[in-house]
Amino acid sequence: MTPPRVSVVTATRNRTELLERTLRCIAAQKDVEFEAIISDDGSSAEVIAHHERLIADLGPRFSLLRRPGADVQGTGPAATRNRGIAAARAEFVAFLDDDDRWRGDRYLADGVDALVAHGADYAFGHLDGEREGRLQNPGWVPPARMWEGETQVG
């Protein structure tokens with residue numbers, strides 16, 4: 001079987017509703033082969049059971065990576081993401097935290113297209129914050145600009 005083009009790593013711990021919204025956003029991505037690795041940092045047994053039902057519903061592209069020897073204390077999002085990276089099989093890795101979502105159903109496809117077209121090693125997207133349905137900090141991260149050598153273009 002051919003590996004996916006993108007491994008999407010989502011770090012989570014004890015957040016069912018937010019994670020479900022995030023995973024459905026990933027599932028909606030079009031025009032790119034991906035795997036979604038949900039890297040759990042020691043959620044409760046009840047939450048793990050919810051994750052397993054949700055992942056079964058979303059299909060074989062989704063998998064749950066549980067932290068070995070999970071205990072009451074989590075290891076934090078960086079270590080959780082790193083475990084996800086270690087399990088990734090794809091050429092590219094994308095991150096989407098359990099409380100985030102992407103705008104548009106071609107976010108991954110457009111990102112891969114841009115990486116390939118420019119021979120880039122990494123990319124990041126613009127961030128808009130939202131709280132209680134209201135946009136917070138619009139333009140918090142300046143719009144991405146392309147760089148050619150050391151001269152900014154665009």
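Where in the chain does Asp-41 lie? Asp-41 sits in the loop between strand 2 and helix 2, and the legends below reach that loop after a look at the whole fold and its core. Please keep in mind throughout that this is a predicted model.

**View 1. The whole chain combines four helices with eight strands.**
Reading from the N terminus, the order of elements is β-α-β-α-β-α-β-α-β-β-β-β. The protein chain has 154 residues, and 31% of them count as buried. Its accessible surface comes to about 9,900 Å², with 51% belonging to carbon and sulfur atoms. If you like contact maps, here is a handy number: among contacts with a separation of 6 or more, 72% are between residues 24 or more positions apart.

**View 2. Strand 2 is enclosed by the rest of the structure.**
Seven of the seven residues of strand 2 are buried, so this strand is largely enclosed by what surrounds it. In a regular strand, side chains alternate between the two faces of the sheet. Here, Phe-34, Ala-36, Ile-38 and Asp-40 point one way from strand 2, while Glu-35, Ile-37 and Ser-39 point the other way. Both sets are buried, the charged-type names Glu-35 and Asp-40 included.

**View 3. Strand 2 pairs with strand 1 and with strand 3.**
Seven bridges link strand 1 and strand 2, which pair in the parallel sense. Strand 2 also runs parallel to strand 3 (residues 62-66), and five bridges join these two. Ile-38 is a good residue to centre on: Thr-10 stands opposite Ile-38 on one side, and Leu-64 in strand 3 stands opposite Ile-38 as well. From strand 2 the chain crosses through helix 2 to strand 3, in a β-α-β crossover that is right-handed. Strand 1, helix 1 and strand 2 likewise make a right-handed β-α-β unit.

**View 4. The largest nonpolar core has 22 residues.**
Which residues have the most contacts inside this core? They are Val-6, Val-8, Leu-23, Ile-26, Phe-34 and Phe-62. Several elements give two or more residues to the core: strand 1 (6-12), helix 1 (16-27), strand 2 (34-40), helix 2 (45-58), strand 4 (92-95) and helix 4 (107-118). Zoom in on Ile-26 to see how these parts meet. Not counting residues up to four places away in sequence, Ile-26 touches Val-8, Thr-10, Phe-34, Ala-36, Phe-62, Leu-96 and Trp-102.

**View 5. Asp-41 makes side-chain polar contacts with two arginines.**
Is Asp-41 buried or exposed? With a relative accessible area of 5%, Asp-41 is buried, because that value falls under the 20% cut-off. Its side chain makes a polar contact of 2.9 Å with the side chain of Arg-67, and another of 3.0 Å with the side chain of Arg-83. Leaving aside neighbours within four places in sequence, Asp-41 is also in contact with Thr-12, Arg-13, Gly-74, Thr-75, Gly-76 and Thr-80.

**View 6. Asp-97 lies in the loop between strand 4 and helix 4.**
Asp-97 is partly exposed, its relative accessible area being 21%. That value is not under 20%, so Asp-97 does not count as buried. Which side chain joins that of Asp-97 in a polar contact of 2.8 Å? The partner is Arg-81. Once neighbours within four places in sequence are set aside, the contacts of Asp-97 are Thr-10, Ala-11, Thr-22 and Arg-81. Asp-97 and Ala-11 are 86 residues apart along the chain, yet their C-alpha atoms are separated by 5.6 Å.

**View 7. Asn-14 and Asp-31 have positive phi values.**
Neither residue is a glycine, which may catch your eye on a Ramachandran plot. Asn-14 has a phi of about 55° and belongs to the loop between strand 1 and helix 1. At 37% relative accessibility, Asn-14 counts as partly exposed. For Asp-31, phi is near 65°, and the residue is placed in the loop between helix 1 and strand 2. Asp-31 is exposed, with a relative accessible area of 62%.

Terms used: Residues numbered from 1 in each chain as written. Predicted model: local features only at pLDDT ≥ 70, side-chain atom pairs only at ≥ 80, totals over all residues. Heavy atoms only, no water. Core = buried A, V, L, I, M, F, W, Y, C linked by side-chain atoms within 4.5 Å. Buried < 20%, exposed > 50% of the residue type's maximum accessible area, 1.4 Å probe, protein only. Contact = heavy atoms within 4.5 Å. Polar contact = N/O pair within 3.5 Å; in protein donor to acceptor, adjacent residues only side chain to side chain. Areas by Shrake-Rupley, 256 points an atom, 1.4 Å probe, with all protein chains shown as cover. Pairing = 2+ DSSP bridges. Right-handed = clockwise from strand over helix to strand, strands pointing away.
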